[in-house]
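Hello,

Here is the structure you asked to look at. Please open it first, then read the notes underneath.

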Amino acid sequence: MDMMDLILSRKSYRGRYAPGPVPRAHLRQIMEAGLAAPSGCNKQTTSLIAVDDPEVLARLKAVIDPPIAQTAPAAICVLTQKILAYRDRCYQVQDYAAAIENMLLAIHALGYESCWYEGHITDEDRIDLKMAQVLGVPEDYRLVCFLPVGRAAQESRPSPPKKPFSERAWFNGFQKNPEAKKLLLTSAGFENPLVQACFLELLGKPPAEARALFIPTAAIDQDAKAVLPKCRNDLLQAGFLPEHITDFNLDRSMGLEELSAYDTVYFCGGSTEYLLDRVKHSGFGQLLDQALEQGLVYVGVSAGSIIAAGNLPGNLGYLPHRLAVHCGTGSPPGLLAGDGEETVRLTNAQAVKIAGGKMEIIG
């Protein structure tokens, strides 16, 4: 297989394995590929143990809880040592990561499947210590990874999509990429199925696997509060699970790591001025900008849309145009110019889609 094809077609496999054994010659080839990886200052901190004895493999799998790769006919365990190198630094993580990637590619090239299991065995319950005991690993080594090896017994799931090249790679310097930002500014949420379909396209993953941050802050009067169940139902009807929708009222600070756990943020309608004030004073606006560059999808409803447009001083600045919502007659669908001179008028069935550096009225 061509090397680039090999790299681009490799994916993690978490299904059942066929029962046939893996020839030891193949296991040796895989491990040789791992040991050929670069290591910091050539300290060669990575060692490997292949397990193909059914009894030993069964004992190894027995201590992994919750279970993983129970049907795999072979496995490779990755060990590391802390050995100081240049300026008393240790490059063990870089060393074993390079070795694991080499082995994953070799496994794929030989027609087998695998998956990089590390956090599953090295978190607080320290399953790695039990595995090391099964294999007789000395105390000055640490078992850090478990690679099952075998033929697939079922069709693997499609790999989750990678972010576009332009969002993660540049030439001649870092670039804050406006094309990475994805926003859907609606008048009344997902009343139009076309608007819902546009949202799911921007989301780019099964909604049942996605998490939403639901912001009801603008709803400070009874009329706006009465619409909140309908807003929440937008996400439920789109396929989100109730337990994956988290309310956040902009009443505390939030870090980027916490916000990055969500796939979309949904701003409800109500008082535009109050919502923008809370976004600014809570520090959420600056945080939001960073999260959007990392792929978070912004959904606005009424006031939640207007704070992103050019209506108020200090707005979020994602749409240069002024935005009018709940209009009887909307602006014609199609691409918007970036000059911001015209007011965009949305009916309750319309939305402004911002993605790929382009602005478009849909619906």
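The protein chain carries 35 positive and 41 negative charges, and the mean positions of these two sets are 3 Å apart. Keep in mind that this is a predicted model, so every value here was computed from it.

Some overall figures come next. The C-alpha trace spans about 70 × 45 × 40 Å along its principal axes. The chain has 363 residues, and 45% of them count as buried. About 18700 Å² of the protein chain is exposed, with 51% of that supplied by carbon and sulfur atoms. If you take the contacts between residues at least 6 apart in sequence, 72% of them join residues at least 24 apart.

Now the secondary structure. The chain contains 13 helices and 13 strands. Eight strands form an open sheet with mixed pairing, in the order 6-5-7-8-4-12-13-10. Which strands are at the edges of this sheet? They are strand 6 (245-247) and strand 10 (334-335), each of which pairs on one side only.

Inside the sheet, strand 4 (residues 182-186) and strand 8 (residues 297-301) run parallel and are joined by five bridges. Leu184, for example, has Val299 in strand 8 as its bridge partner. Helix 9 (residues 222-238) packs on the sheet, where it touches strand 5 (212-215), strand 6, strand 7 (264-267) and strand 8. The direction of helix 9 makes about 170° with that of strand 5.

To find your way around, you could start at strand 8, which is touched by helix 9 and bridged to strand 4.

Regards

Methods:
Residues are numbered from 1 along each chain as its sequence is written. This is a predicted model: local features need pLDDT of at least 70, side-chain atom pairs count only at pLDDT 80 or more; totals for chains, interfaces and linings use all residues. Side-chain values use heavy atoms; hydrogens and water are left out. Two strands pair if DSSP finds at least two bridges between them. Helices (H or I, at least four residues) and strands (E, at least two) are DSSP runs, numbered from the N terminus. Contact means heavy atoms within 4.5 Å. Axes are lines fitted to C-alpha atoms, for helices over the stretch in contact, and angles run from 0 to 180 degrees between N-to-C directions. Buried means under 20% relative accessible area, exposed over 50%, partly exposed in between (1.4 Å probe, protein chains only). Accessible areas come from the Shrake-Rupley method with a 1.4 Å probe; for residues, only the protein chains shown count as cover. Lys and Arg count as positive and Asp and Glu as negative; His and the chain ends are not counted. The place of a charge is taken as NZ of Lys, CZ of Arg, CG of Asp or CD of Glu.
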